[in-house]
Each structure stands twice: as C-alpha cells, then as structure tokens.
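Reader: I would like a close look at a single part of this protein, with the reasoning set out step by step. Please begin from the part itself and then work outward to what surrounds it.

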Amino acid sequence: MKKGWSFFVGVFAVFQIGLTAVWGSDTPAIKSQAAVVMDAGSGDILYEKNGSELYYPASIIKLLTALVVSEQCNLEDTVIFSYDAVYDVEEGSGNKLQLEAGDKLTVEDCLYAMLLESSNQAANALAEYAAGSREAFVEEMNGKIRALGCTKSRFTNPSGLNDPQQKTSAEEMAVIAGAAFHNEVVRRICSAKEYELPATLHNPQGYPLSMEHQLINDSTAYEYDYAVAGKTGYTSLAGNTLVTEAERNGDELIAVILKSDQTHYEDTMQLFEYGFQALDERALMPAKLTSEQESSGQAEPEEDQQKSDSEGATGHGLMWGLGITAGAALLAGAGMIHFRIRRERLRRQKRREKMRRRKNRQERAA
C-alpha cells in the first residue's frame, strides 16, 4: 500500500512544481523605503521590505485615533473645538477646513474631517473630547497598540505630526490598520468618497469633504478596482505614507507604505498584485502531507504485518491505476490553469499600460 501512496504523493509533487513554474510570482520592485502587504484574514505577511524598521508615520496614525475614538464615543456626541485643538499644531501644517475655536461638530463629523481630508484640528479635538486631554489620549493609543501585540511602535500625538519619538514599522502599522478596518465605523468612513461637513464659524454654508486617497476616490491618475479603504499621510520627515485595504473574491489584503518619494500609489498597486497572486497560488497548490500523514506511513506493527502483506498485491495495483488516472486529471487541470493565468496576466498588463498612458497625458498637459 505504501508504494501506491508514494506514487500519489509523487504525482502531486510534480503538479505542484509545474504550477510554481507556470504561475511564479514576480517579486515587486518597491521604491519606497519600507513596505508590507498582509493577508488581513490570517495576518500572514506576504511581502515585506524593511518591514520591521521604524519610520515616521505621518497621518496614517489617524486610523488608530479613529479606532480608539469609535470604541469610546457615540457618533452623535457634540465636540467643541478648543483653542489648543485648533492652534497648537506644527507650524505650516495648515488648517484647510478653516476650523476655529468654538466650532461644534459631532464625533462623526470630526471622524470624516480627520480621515477624508486629514484634519489635524479634528484629531486634536477628538482626542480632547474622548480622554480629557491629548496626553491622556496618547496613553490610550499606546495601550491599544500594546493590546494588539505591537511592541516597537510609539505614538506621541493623535494627528501624526512630526515628533522624534513617534515612529512605527510597516509590519506593526499593518496590524493596527487591520484592527481599524475591522471596526465597522472606521471602515465605512475610510471607504467614503465624500461627505458634507455642516456649518462652522468660517463656513456657514458647510464644507464639502473629498477623500484624499487616490485609489479610493476614483482619481483619473490611478485606477485599482479592488481598493476599498485607506488613509494617506505626509510630513517633511515621513515623506509619503499610505495604508490601503483591497478586497478581491473574498480575500482581503492590507498594504502599508512608509517613507516614499511619491511612489506610494504605484508601490501599493504592485503589492496588491503580488499579494493576490500569492493567495491564488496558495489556493491552487495541493496540500502537503501533514506530519500526522507522514507518521501514518511508518512501518506497521508486527501483528498487522501479515494482513497488510495479503492486501499488498491488490491494493498496490489499485493505487497504481488510480495514481495514473489522477496524474492525467491533474495535468489536464494544469493546462486549464495555465490558460486562466495567462489571461489574468494579460488583463493586468493592459491595466498597467492604460495607467501609464493616462499618467503620460497628465504630465504632458502639466
């Protein structure tokens, strides 16, 4: 019986090698200094570049701010902006929404302002409302990431503005993002393309918010059909940072980019192509023998040996025939898989070429 079983194992092994040769994932050429793509379902890191190194995060840590706030506050609660929330920010960081001390918005309004257009003032106001002070809120942020198993990251403010002690790694940021996107409120807001902010002191007619993340907001510069949620970041020290979630055929991936020089979107799309291809390979590969199966192939106990020998001739012949049949079926299946893979690769090449042509047109127009 063991010879017939060995033949089956051999057929599966050959089939696996063939699939690897046909499908073979190309390692992405990531230009950013650090990058990770993680399977959101299992937490497996599918690709990393300097994934454990620490970098400035910029505004992507607003995902953590949103997570902590959404777990503690009612969306309908009213937040009153303090003077410090508005003006105690890094010089040059701006106030695009023209928020002012005394403005009143709901927690939900502030979350949209913070996550869609990265308002530092909204982040400060939420932190003060949720914990009484920014300092107390930062303690809760760091407590949250420790509970998630992140031991290297450390945060010092709710907005992501520059601080020498505020750093994270791509791997830990992927874990934080996974927890944030698992939160229904955070995921919904990070997936929105627009939102109407109600009246404020300087904008009595309200203010229309638009998602800054160009893989989410239907930008003409970048197209990626599977991107569903995300957050942008930029400071002078952090460079471009980006967190994105993509979903395809039930698989969910999270990509993190740190310290990029304006290649964050291209790098993210490469990470997703690589990650989904890796998951496809994993789904198609035959399962390897488990340690239990391997141990079952050891020498049989002496009292069972005679019975095993009497079954050997018939069993071996049956297994041999079944092995040949299975091998033929697997080879035919490999041909169909090769066709599907080829078709998928051509589709991806066409999409990338379309993106390059659009980018060239924009550069010429500029």
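Which element gives the most to the lining of the second largest pocket, and with how many residues?

Author: The model is a predicted one, and within it strand E9 gives the most to the lining of the second largest pocket, with five residues. That pocket has a volume of about 390 Å³, and its lining is made up of 22 residues, of which Ser59, Ser93, Ser118, Asn120 and Tyr234 lie nearest the centre. The elements that give two or more residues to this lining are helix H5, residues 120–131, and strand E9, residues 227–235. Sorted by class, the lining holds 14 polar residues, five charged residues and three nonpolar residues.

Two of the residues nearest the centre of the pocket, Ser118 and Asn120, can be followed in detail. Asparagine 120 belongs to helix H5, and it counts as buried because its relative accessibility is 7%, where the cut-off for buried is under 20%. Leaving aside residues up to four places away in sequence, asparagine 120 touches Ser59, Lys62, Val89, Ser93, Ser159 and Leu161. Ser59 and Ser93, which appear among these contacts, are also listed with the residues nearest the pocket centre.

Serine 118 sits in the loop between helices H4 and H5, and with a relative accessibility of 14% it too falls under the 20% cut-off and therefore counts as buried. Its backbone deserves attention, since most residues other than glycine have a negative phi. The phi of serine 118 is near 60°, a positive value in a residue that is not glycine. Glutamine 98 likewise has a positive phi, near 55°, and is not glycine. Glutamine 98 lies in the loop between helix H3, residues 83–87, and strand E5, residues 104–106, and its relative accessible area of 39% makes it partly exposed.

Strand E9 also leads outward from the pocket, to helix H8, whose buried residues pack against E9 as well as against helix H2 (62–72), helix H4 (107–116) and helix H7 (170–182). In H8, which spans residues 184–191, the buried residues are Val185, Val186, Ile189 and Cys190. These four cover an arc of only 120° around the axis, which is why they lie on the same side of H8. The general background is that an α-helix has 3.6 residues a turn, so residues three or four places apart point the same way.

As for the setting of this part, the chain has 11 helices and 11 strands, and buried residues make up 47% of its 366 residues. Of the contacts between residues at least 6 apart in sequence, 68% join residues at least 24 apart.

Some care is needed over confidence, because pLDDT is the predictor's own confidence in each residue, from 0 to 100. The chain averages a pLDDT of 83, and 71% of the residues score at least 70. Over residues 1–24 the pLDDT is below 50, although this stretch has 45 contacts in the model beyond near neighbours in sequence. Over residues 288–292 the pLDDT also stays under 50, and there the model has five contacts beyond four places in sequence.

How values were computed: Residues numbered from 1 in each chain as written. Predicted model: local features only at pLDDT ≥ 70, side-chain atom pairs only at ≥ 80, totals over all residues. Heavy atoms only, no water. Contact = heavy atoms within 4.5 Å. 1 Å grid on protein atoms, 1.4 Å probe; cavity = no way out; pocket = protein on both sides within 12 Å on 5 of 7 lines; lining within 4 Å. Points joined across faces, edges and corners; volume = space filled by probe spheres on them. Nonpolar A, V, L, I, M, F, W, Y, C, P; charged D, E, K, R; others polar. Buried < 20%, exposed > 50% of the residue type's maximum accessible area, 1.4 Å probe, protein only. Arc of directions from axis to C-beta.
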